[in-house]
Amino acid sequence: MAVARHFCLRFYKDTAFIFIIFFCIVCETATEQIHYSVPEEMPKGSFVGNVAKDLRLDIKDFSHYGVSFVCRGKMEYFALNNKNGHLYIKERLDREQTCPQIQRCLFNCEVIIEDAMKIYTIEVEIIDVNDNAPSFKSAQLQIKISETTERGTRFRLEDAQDPDLGMNSVQNYKLSANRHFSLDLQTRLDSAKYAEIVLETSLDREEQNVHDLILTAFDGGDPPKSGTTQIHIIVLDANDNAPIFSQPVYKVTIAENVPTGYTVVTVKATDLDEGFNKEITYSFRKISDTASQNFHINSETGEIILVGKLDYEESTLYEIEIQAIDGGGLFNISEVEIFVSDVNDNAPEIAVRSLANSVPEDSQAGTAIALINVHDDDSGENGKVICSIPSNIPFQLTKANANYYTMVIARPLDREQVAAYNITISASDQGMPPLSSTTVILLQVLDKNDNAPYFIQPEYTFYIVENNQRGDSIFSLKTKDPDWGENSKTTYSIIESQMFDSSLSSYLSINSETGVGYALRTFDYEEFREIKFLVKAQDGGSPPLSSNVSVTLFILDQNDNAPQILYPSPPTDGSTGIELAPRSSEPGYLVTKVVAVDADSGQNAWLSYQLIKAIEPGLFTLGLHTGEIRTARFFLEKDALKQSLVVLVKDNGQPPMSASVTVTVVLADSIPDMLTDLSSVPVSEDPQSDLTFYLVTAMAFVSCLFLAFLLVLLALKLRRWKNSQLCDNGSLNFSGAPISQFVGIDGVRAFLQSYCHEVSLTSGSRKSQIFFPIGSCTNTLTAQQAPDKPDPILLIGDSNTLTEEAAIHQVST
């Protein structure tokens, strides 16, 4: 049901009366449309309607809804008060200026609830008020009438013009009293009234050649308004033929974009008279102000020429009355109807009514982000607009109504792929050729913590040289996180684990912000050679996301350990190690071997041996990499019994480190000689020399016991041989007690080891053979080093005395 409210106001001011016939506000409340009516000439700030009430919105929430008001037009005549929801007049309304030649003056406005994205259409109609009096274009109308004109002849008068409509327009005419003319009102097809004067009595130029009449036009307002013009009638001599137009109505259609100077139409009138009475002059008889600004008529040729710029959107039809007057004063009237055809000369207009400037990347499909209005001032196909956006973006347009589109999310968003969209909205009409316009909106995609930080490599390997300084930077890790802000701010930590007897945190630390690792203590390659641990990277999102990576830290060796000599082992009693070498040794005989190790690795543990001091420099050679001491030549009688060799063991590090050992080699041909020679070895003046003396004495004593055992065993063998009368070859084998190869504390220890000696004696000869196989050696010789067959050394002596003159030994490590 439509609720009508009528208000009638009447104002008086001095002698001028301004009547406002009625003030009518009609509110039609529908689901999404409201209609208001307001009379023109209302002052600024006048109330139009309560929009909030008619939309059934609570006024308390009205200002919080994000309400915008749009009213299309060249001027903003209306405004919406968001505090009380009232619609009021912003500019003075003049229906004749706003809607010329339009019966219903309507304004289509829109109320947009931005948060809810709802649109309400408001139609405001401007009601005509009788604020214009009828007027004539000319203050004086001149009519020439021949005195021969017959009674009853009609003469068309100029129409009075009134911009008002309906009853407020011209409704009646009145002619001043006279005896020759009467007034007759006529009605056209469009219900407009015009006046004609009728000749009631014949004119006599000689009696009165001029008649002045007053024509008054009245409108239908309350009270009515009027306008007058003077009719100046000149009585002429006989001119019995008036001009006749070729057609009563000229109709022409032109496009709105024709250029100025274009001949719209040419009217043509003919007159059967001759001479001066035949000369015709053309002029506009009735023309609106707008038409007079756009058209001009050539008074001689009847050409109507375009002098202004047409606009289909302002006016689609121009109605003009053309008058043709001959030289005798007779005239005729014709109408020209100029129809303006629409040309696609207006590009569509795009207006973003509501826009969400940012949207979370986890927004659901179908979420509305913008409300877009498109409009084209053209009509027909030229005014049909299609709105579109690029297809390669995750958004789409859905049509809300005839002129509105809603932009919604079509596909899931990913800020890490696209952080912001410059969305180009295109609107194109269907004219020929089509016109289009574009606008660009910026939409930011808000980040969500949907990406964990990740390391560039699946695992990391770093190297550090041992003996580093505490606090040294030893590794650096970097991660990438496609997220933004706090969601990409990464902190690093080492996952705690046990390492040897202490936790990993006592060895390493990591800067939580930069990912740089530091050593908390000095590393020793000889203690451990690698550290394996996990590093955790965690972002600052909520909830936080993290990832781990395996890190291996290798400790590189540094030449910080000098070689360590294992053999001969350093004596604890202050004496030097003594090695025995038979004087009958051939060149290349292995006297002994220096054995050393280095706790370092790689080239830092590559050892080389150098003989840096010797009593007889050319007597012995030393293997550069084996450490074997061999004889270089045969021993001579002049060679000293005791040979002292200083061996330097050096590694290959940078700088190299070394150790040295002194090896004493004693030359002896037989075991007794060896014992005798040993007694001649000078005793060290070291405070422990007494101990060395006792050890040498003990070794000599044990050797004597061993010799005595051999003599007893030999005697028993001889006795048995005699008893058995065996004169042929015989042999006797002994497994003897150990014979020491060393002198000193270590010599005694080695002497106490088990040695195997094979003794072979022959009967019938004064010669004896004693074999010392290589297999009979200290436990420093491995099984692989023992030869398969003993290498005997022949000792020559008296079989009766069985004197042992020589002994041989070999020592291998």
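This passage looks at aromatic ring pairs and at the surroundings of one aspartate in a predicted model.

A search of the whole structure finds 15 aromatic pairs. A pair of aromatic rings is described by the distance of the centres and the angle of the planes. For Phe295 and Tyr318, the ring centres are 5.3 Å apart and the planes meet at 70°, so this pair is edge-to-face; an angle over 60 degrees is what earns that name. Phe295 belongs to strand 22 (residues 295-297) and Tyr318 to strand 24 (residues 317-325), so the pair ties together parts that are 23 residues apart in sequence. Both Phe295 and Tyr318 are buried.

A second pair makes a helpful contrast in geometry. The rings of Tyr507 and Phe523 have planes at 5° and centres 6.4 Å apart, so they are stacked. Here the two partners sit in loops: Tyr507 between strand 40 (502-503) and strand 41 (508-510), and Phe523 between strand 42 (516-519) and strand 43 (530-538). The pair thus links distant parts of the chain, 16 residues apart. Tyr507 and Phe523 are both buried. Elsewhere, one aromatic cluster is formed by Phe455, Tyr460, Phe462, Phe475 and Phe533.

Rings can also have a charged partner, as with Tyr194: Arg156 lies over its face, at 3.7 Å from the ring centre. Tyr194 is also among the contacts of Asp159, beyond the neighbours of Asp159 within four places in sequence. Other residues in that list include Ser135, Phe136, Arg188 and Glu321. Asp159 is found in the loop between strand 11 (154-156) and strand 12 (170-175). Its relative accessibility is 2%, so Asp159 counts as buried. The side chain of Asp159 makes a polar contact of 3.3 Å with the side chain of Lys286.

Notes. Residues numbered from 1 in each chain as written. Predicted model: local features only at pLDDT ≥ 70, side-chain atom pairs only at ≥ 80, totals over all residues. Heavy atoms only, no water. Phe/Tyr/Trp six-rings, centres within 6.5 Å; stacked < 30°, edge-to-face > 60°. Helix = DSSP H or I, 4+ residues; strand = E, 2+ residues; numbered from the N terminus. Buried < 20%, exposed > 50% of the residue type's maximum accessible area, 1.4 Å probe, protein only. Lys NZ or Arg CZ within 6 Å of the ring centre and 35° of its normal. Polar contact = N/O pair within 3.5 Å; in protein donor to acceptor, adjacent residues only side chain to side chain. Contact = heavy atoms within 4.5 Å.
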